[in-house]
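Trainee: I would like a close look at a single part of this model. Please take me through one sheet and whatever packs around it.

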Amino acid sequence: MMQFVTHSLQKKFILIAFMSVFVLALIVSFFVATKTKSALYNATEQKGRMLAQTVSILIVNELIYEKLGLVEEGGLIDNFVRELYQHQELALEYVAVLDNNLQVISHSDFGEFGKFYEDPFAKDAQNAVDVLVKRTRHTTSHKDALEFAIPLSIEGKRWGVLLFSLSLENVEREAQAIVFQILSLTFITLMFLFILIYFLSQRFIKPIIDLSQAMAEVEVGMVEKTIPVKGKDELSRLAESYNEMVRRIREANEEMKLAYEKLLQSEKLATLGVLSSSVAHRINNPLGGLFNCVHMLQRRGDEPEFRQNYLTLIEEGLVSIEETVGQLLWTAGKRDGEEKRSDVSDVLSGVVKFLDYRMRKQGILYTEIVSDGLKVPVAPHDLEEILLNTMINAIQAMESGGRLTTTARKQGDEIILQIEDTGIGIPRDKIGKIFNLFYSTKKAGEGTGLGMWMTYELVKKYKGNIELQSVEDVGTTVFIIIPEIT
């Protein structure tokens with residue numbers, strides 16, 4: 001009954017809200033991580049530029065001192081380069097000082113002394129006026145680094161080029177640590193938001209789901225099916241409106257049941273009006289004979305043989321009245337545990353006994369064609385009501401006389417009951433309404449429009465079908481089709 005729960009509003013709300021927050025958090029995290037990493041790179045580059053400018057000034061000064069003979073040639077620069085390279089906080093990959101011919105005059109790696117650099121980056125630095133920077137990958141450590149180059153010049157005189165490289169390993173490690181922190185914080189935030197979204201859905205979506213479930217489960221005639229009201233917001237007012245609606249529906253159903261029972265009673269009374277003439281006739285005839293027997297016994301009751309003959313007649317008359325009343329009582333009530341199969345001939349015989357007086361009175365010729373031993377999987381009381389309602393309609397359509405023919409036969413896996421009359425017929429535009437509730441073509445006081453509707457419902461109860469063919473001023477044929485196995 002609750003198949004929709006799989007795609008419930010609450011689950012959709014949680015999923016959509018969480019996925020939206022999740023995607024937004026990923027975008028923000030990626031943006032922050034990218035910006036942080038870029039900031040670290042920029043800070044490293046700025047540090048390298050400042051280092052290049054500072055060191056270049058010191059080296060130029062030392063070159064000048066060497067040129068003037070104030071210090072030993074190469075010794076001071078080598079010491080400075082070595083100390084600079086060994087400074088761990090700077091994370092230098094190498095430091096090199098080149099002369100104007102791009103020959104190494106000082107290097108953090110003694111094996112590079114005296115070599116000539118043909119690197120275009122070093123050549124570009126000879127003619128540059130500011131620090132040059134490029135990203136490279138160190139050949140030995142295979143790690144990303146920033147390489148810096150700055151010309152060694154003062155007052156327009158060029159002394160060579162300063163080259164050095166700053167490793168980006170620490171930057172990468174720090175960036176990864178920051179990204180991990182961002183992702184961890186994002187994950188914790190998402191978990192918190194998921195819990196928050198869940199509780200919000202419980203507060204705002206769950207009442208709607210409860211209302212939907214209550215509406216799906218509510219049934220006609222249900223005594224109570226309301227939902228609790230919490231708070232004073234819009235959802236609470238919706239719950240109150242629903243509870244009020246259920247209360248009104250319950251009251252309306254109770255009133256409808258009473259009205260329906262009254263209508264059914266009216267229909268039974270209308271049918272009873274049709275039967276009463278036949279019952280009265282079947283009872284009055286034996287009563288007339290009984291009164292005659294009583295009078296005769298009063299005159300000649302002393303004669304034993306005469307008295308015995310008339311007592312026998314009196315008994316037969318009383319038995320006839322008893323049978324008529326018994327049939328009427330059987331027709332008036334439905335019994336529990338009743339057999340679910342009926343002999344068509346037996347039930348039809350009982351129906352005809354109630355209608356024969358009305359048919360004779362209206363000059364209706366009745367014909368019956370029923371296969372021998374034909375049984376239909378319908379309870380006797382239900383079959384009697386089906387036939388009685390249909391045949392009464394047929395009789396009422398033939399006030400000036402006519403022919404009523406009832407046929408019952410087996411055709412394949414179906415039992416077909418056919419009631420045909422030569423009455424006034426039904427207009428073409430009204431045939432489709434005959435089985436509608438409360439629709440009636442009878443005169444005022446003769447019915448409520450429930451007879452054929454009840455017949456239709458009974459036939460459908462046994463998984464059967466009912467069809468109707470009618471031509472005005474020619475007659476009507478009703479086909480009642482019941483499957484052999486229901």
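Mentor: Start with Ile369, which sits in strand S7. Keep in mind that this is a predicted model. Ile369 counts as partly exposed, because its relative accessibility is 49%. Leaving aside residues up to four places away in sequence, Ile369 touches Thr406, Thr407 and Ala408. Ile369 and Gln418 are 49 residues apart in sequence, yet their C-alpha atoms are 9.6 Å apart in space.

Now follow one of those contacts. Thr406 belongs to strand S9. Its relative accessible area is 4%, so Thr406 is buried. The side chain of Thr406 makes a polar contact with the side chain of Tyr366, at 3.4 Å. Thr406 also has a list of neighbours beyond four places in sequence; among them are Leu348, Tyr366, Ile369, Met391, Gln418 and Ile419.

Step back to the whole sheet. Five strands make it up, in the order S7-S9-S10-S12-S11. The sheet is open, and its pairing is mixed. Strand S7 (364–370) and strand S11 (465–471) are the edges; each has a single partner strand, so one side of each has no neighbour in the sheet. On average, neighbouring strands are turned by 10° against each other, direction ignored.

Next, the pairing of S10 with S12. Strand S10 covers residues 414–421 and strand S12 covers residues 475–483. They pair in the antiparallel sense, over eight bridges. Two positions help you find the register. Ile419 stands opposite Val478 in S12. Ile415 has Ile482 in S12 as its bridge partner.

Two helices pack on this sheet. Helix H8 (residues 344–362) touches S7, strand S9 (402–411) and S10. The direction of H8 makes about 170° with that of S7. Helix H9 (residues 380–396) touches S7, S9, S10 and S12. The direction of H9 makes about 25° with that of S10.

Look along H8 itself. At its start, a side-chain oxygen of Asp343 reaches to within 3.0 Å of the backbone nitrogen of Ser345. Then check the length. H8 has 19 residues, and at 1.5 Å a residue these should span 27 Å; the end C-alpha atoms are 25 Å apart, which agrees. H8 also has a kink of about 50°, centred on Leu355. Leu355 is one of the buried residues of H8. Others on that buried list include Val344, Val347, Leu348, Val351, Val352, Phe354 and Met359. Arg358 and Gln362 are buried in H8 as well. Just after the helix, Gly363 takes a positive phi of about 70°.

Return to the sheet and take S12. Nine of its nine residues are buried, so S12 is largely enclosed by the rest of the structure. Both faces are covered. On one side, Gly475, Thr477, Phe479, Ile481 and Pro483 are buried. On the other side, Thr476, Val478, Ile480 and Ile482 are buried. You have met two of these residues already: Val478 stands opposite Ile419, and Ile482 is the bridge partner of Ile415.

S12 also pairs with S11. Seven bridges join these two strands, which run antiparallel. One pair to locate is Ile466 with its bridge partner Ile480 in S12. S11 and S12 form a hairpin, with three residues between them. Asp473 lies in that loop between S11 and S12. Asp473 is exposed, because its relative accessible area is 70%.

The backbone of that turn deserves a look. Most residues other than glycine have a negative phi. Asp473 has a positive phi, near 65°, and Asp473 is not a glycine.

Leu102 offers a second case to set beside Asp473. Leu102 has a positive phi of about 65°, although it is not a glycine. Leu102 lies in the loop between strand S1 (92–98) and strand S2 (104–107). Is Leu102 buried or exposed? Its relative accessibility is 5%, so Leu102 counts as buried. Asp473, by contrast, is exposed.

To retrace the path on screen, start at Ile369 in S7. Cross to Thr406 in S9, which Ile369 touches. Go on to S10, which pairs with S12. End at the hairpin of S11 and S12, with Asp473 in the turn.

Definitions and conventions:
Residues are numbered from 1 along each chain as its sequence is written. This is a predicted model: local features need pLDDT of at least 70, side-chain atom pairs count only at pLDDT 80 or more; totals for chains, interfaces and linings use all residues. Side-chain values use heavy atoms; hydrogens and water are left out. Two strands pair if DSSP finds at least two bridges between them. Helices (H or I, at least four residues) and strands (E, at least two) are DSSP runs, numbered from the N terminus. Axes are lines fitted to C-alpha atoms, for helices over the stretch in contact, and angles run from 0 to 180 degrees between N-to-C directions. Contact means heavy atoms within 4.5 Å. The expected span of a helix is 1.5 Å times one less than its number of residues. The bend at a residue is the angle between axes fitted to the seven residues ending there and the seven starting there. Buried means under 20% relative accessible area, exposed over 50%, partly exposed in between (1.4 Å probe, protein chains only). A polar contact is a pair of N or O atoms within 3.5 Å; within protein, one must be able to donate a hydrogen and the other to accept it, and residues adjacent in sequence count only if both atoms are side-chain atoms.
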